[in-house]
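Trainee: I would like to learn how to read side-chain contacts in a model. Could we go through some of them together, with the general idea before each case?

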Amino acid sequence: MDYVGILVKSAKMMWKHKSMWFFGILLGILSGGPNLQYIFRGSDFDYYNAGEFAQQMERVFKFFTPQVVMVLFSSFLIFMMVSIILQYLCRGALISMVDDIENSGETQIGRGFNHGWSNWLRLFGISFFIWVSFTIGLLLLFGVLSLPVILAFVKQKETFGFILLFPSILIFVILIIVVAIPLTLTYSFAERFCVIENKKLFESISEGYRLFKLNLKSSLLMWLLMYAINIGFAIVIVIFGFIFILPIKFTFSANAPLSIVILLPVTTVLILAGGLYKTFVFTVWTLFFKELKNKTTSVISAS
């Protein structure tokens with residue numbers, strides 16, 4: 001498996017076919033873009049502002065009547081539903097657009113949207129089934145491992161409880177890693193079986209796990225490589241934040257309007273970088289999936 005070749009090909013494909021950026025940037029925003037928060041200063045809560053703050057809070061509580069709360073709650077539910085649909089639509093669009101490029105050498109936003117719309121519900125179902133099952137399993141595991149520790153403290157055997165605490169945490173973390181990595185790879189392959197080969201929900205999951213199991217070493221090596229790249233990208237973003245975001249925050253108290261004006265292009269760069277990286281990651285995993293699928297099909301046919 002030419003891992004470096006897949007990375008280079010993905011980068012070139014992502015850069016050449018800029019129509020994919022639309023869905024990558026939108027997915028980056030929906031799944032958690034730059035987290036820009038107001039930095040409270042000590043003077044915000046001093047004695048002078050306490051009375052004014054109390055009056056403002058009183059006005060806020062008067063505004064939130066039951067009718068207003070219902071409208072806001074309904075709006076929140078609608079927003080969440082639209083956000084979920086758009087997220088999985090973008091995931092389906094990016095996968096299908098890479099497949100289009102591989103098959104015909106070109107792609108379009110419209111074709112990506114059509115593929116994403118026709119597959120978003122199954123993609124949501126795959127995610128829901130895999131990760132809800134994983135969460136339930138984690139809760140059960142946490143309960144089993146924590147029960148002896150809790151009983152030890154209840155019976156006032158604190159020393160024994162602390163002795164049990166460390167191995168319980170260690171076992172919990174190890175089992176999370178051991179289960180989460182195969183599930184992540186199965187999920188990635190299942191999404192691509194769903195979109196590219198039009199498989200049904202449980203068939204996609206089954207085929208995704210089968211592909212992972214037949215290509216265990218290759219899948220884990222690619223995961224490790226992408227994990228290292230993710231860390232590298234995160235480090236770059238952190239450095240960028242220290243260089244640009246922190247000075248803006250420090251000048252906020254002196255000149256808030258100027259800080260906001262400067263912050264806008266910085267935020268735009270972060271959103272664009274996150275979107276391009278999302279596009280690159282989806283391209284890598286889709287090309288890797290197609291390579292594994294072709295390799296597995298060839299091996300089965302030869303045997």
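Mentor: Let us begin with a charged pair, keeping in mind that this is a predicted model. A salt bridge calls for a side-chain nitrogen of Lys or Arg within 4 Å of a carboxyl oxygen of Asp or Glu, and D100 meets R111 in this way, with the closest N and O atoms 3.1 Å apart. Because D100 belongs to helix α4 and R111 to helix α5, the pair ties together parts that are eleven residues apart in sequence.

Trainee: Is D100 buried or exposed?

Mentor: Buried means under 20% relative accessible area, so D100, at 7% relative accessibility, counts as buried. Its partner R111 is partly exposed, with a relative accessible area of 40%.

Trainee: Which residue forms a salt bridge with D99?

Mentor: The partner of D99 is K290, and their closest N and O atoms are 2.6 Å apart. Since D99 lies in helix α4 and K290 in helix α9 (residues 256-302), this salt bridge ties together parts that are 191 residues apart in sequence. Both D99 and K290 are buried.

Trainee: How should I read a salt bridge within one helix, such as that of R210 and E207?

Mentor: Look at the spacing along the helix: R210 and E207 are three residues apart in helix α7, and are therefore separated by about one helical turn. Their closest N and O atoms lie 3.8 Å apart. R210 counts as partly exposed at 38% relative accessibility, and E207 is partly exposed too, with a relative accessible area of 22%. By the rule given above, the count comes to eight salt bridges, and R91, E191 and R192 are linked in a network of them.

Trainee: How many aromatic pairs does the structure hold, and how do I read the geometry of one?

Mentor: The structure holds 15 aromatic pairs. Planes over 60 degrees apart count as edge-to-face, so the pair of Y88 and F124, with ring centres 5.6 Å apart and planes at 80°, is edge-to-face. This pair links distant parts of the chain, since Y88 is in helix α4 (residues 66-104) and F124 in helix α5 (residues 109-154), 36 residues apart. Y88 is buried, with a relative accessible area of 13%, whereas F124 is partly exposed, with a relative accessible area of 27%.

F129 and F202 form an edge-to-face pair as well, at 5.0 Å centre to centre and with 90° between the planes. F129 lies in helix α5 and F202 in helix α7 (residues 201-214), so the pair ties together parts that are 73 residues apart in sequence. F129 is partly exposed, with a relative accessible area of 38%, while F202, at 53% relative accessibility, counts as exposed.

Trainee: Which residues form one aromatic cluster?

Mentor: The cluster is made up of F189, F193, W285, F288 and F289. A ring can also have a charge over its face, and here K18 lies over the face of W15, at 5.0 Å from the ring centre.

Trainee: What makes the nonpolar surface patch?

Mentor: The patch, of about 690 Å², is made by Y227, I231, I235, V238, I239, F242 and I243. One of these, I231, is found in helix α8 (residues 216-250), and counts as partly exposed at 40% relative accessibility.

Trainee: And what is the overall picture?

Mentor: The protein has nine helices and zero strands, and of its 303 residues, 32% count as buried. It exposes about 18800 Å², of which carbon and sulfur atoms supply 73%.

Notes: Residues are numbered from 1 along each chain as its sequence is written. This is a predicted model: local features need pLDDT of at least 70, side-chain atom pairs count only at pLDDT 80 or more; totals for chains, interfaces and linings use all residues. Side-chain values use heavy atoms; hydrogens and water are left out. Patches are made of residues with over 30% relative accessible area and no salt bridge: like charges are joined within 9 Å, nonpolar side chains (Val, Leu, Ile, Met, Phe, Trp, Tyr) within 5 Å. Accessible areas come from the Shrake-Rupley method with a 1.4 Å probe; for residues, only the protein chains shown count as cover. Helices (H or I, at least four residues) and strands (E, at least two) are DSSP runs, numbered from the N terminus. Buried means under 20% relative accessible area, exposed over 50%, partly exposed in between (1.4 Å probe, protein chains only). Rings of Phe, Tyr and Trp (its six-membered ring) pair if their centres lie within 6.5 Å; planes under 30 degrees apart count as stacked, over 60 as edge-to-face and the rest as tilted. A charge sits over a ring if NZ of Lys or CZ of Arg is within 6 Å of the ring centre and within 35 degrees of the ring normal.
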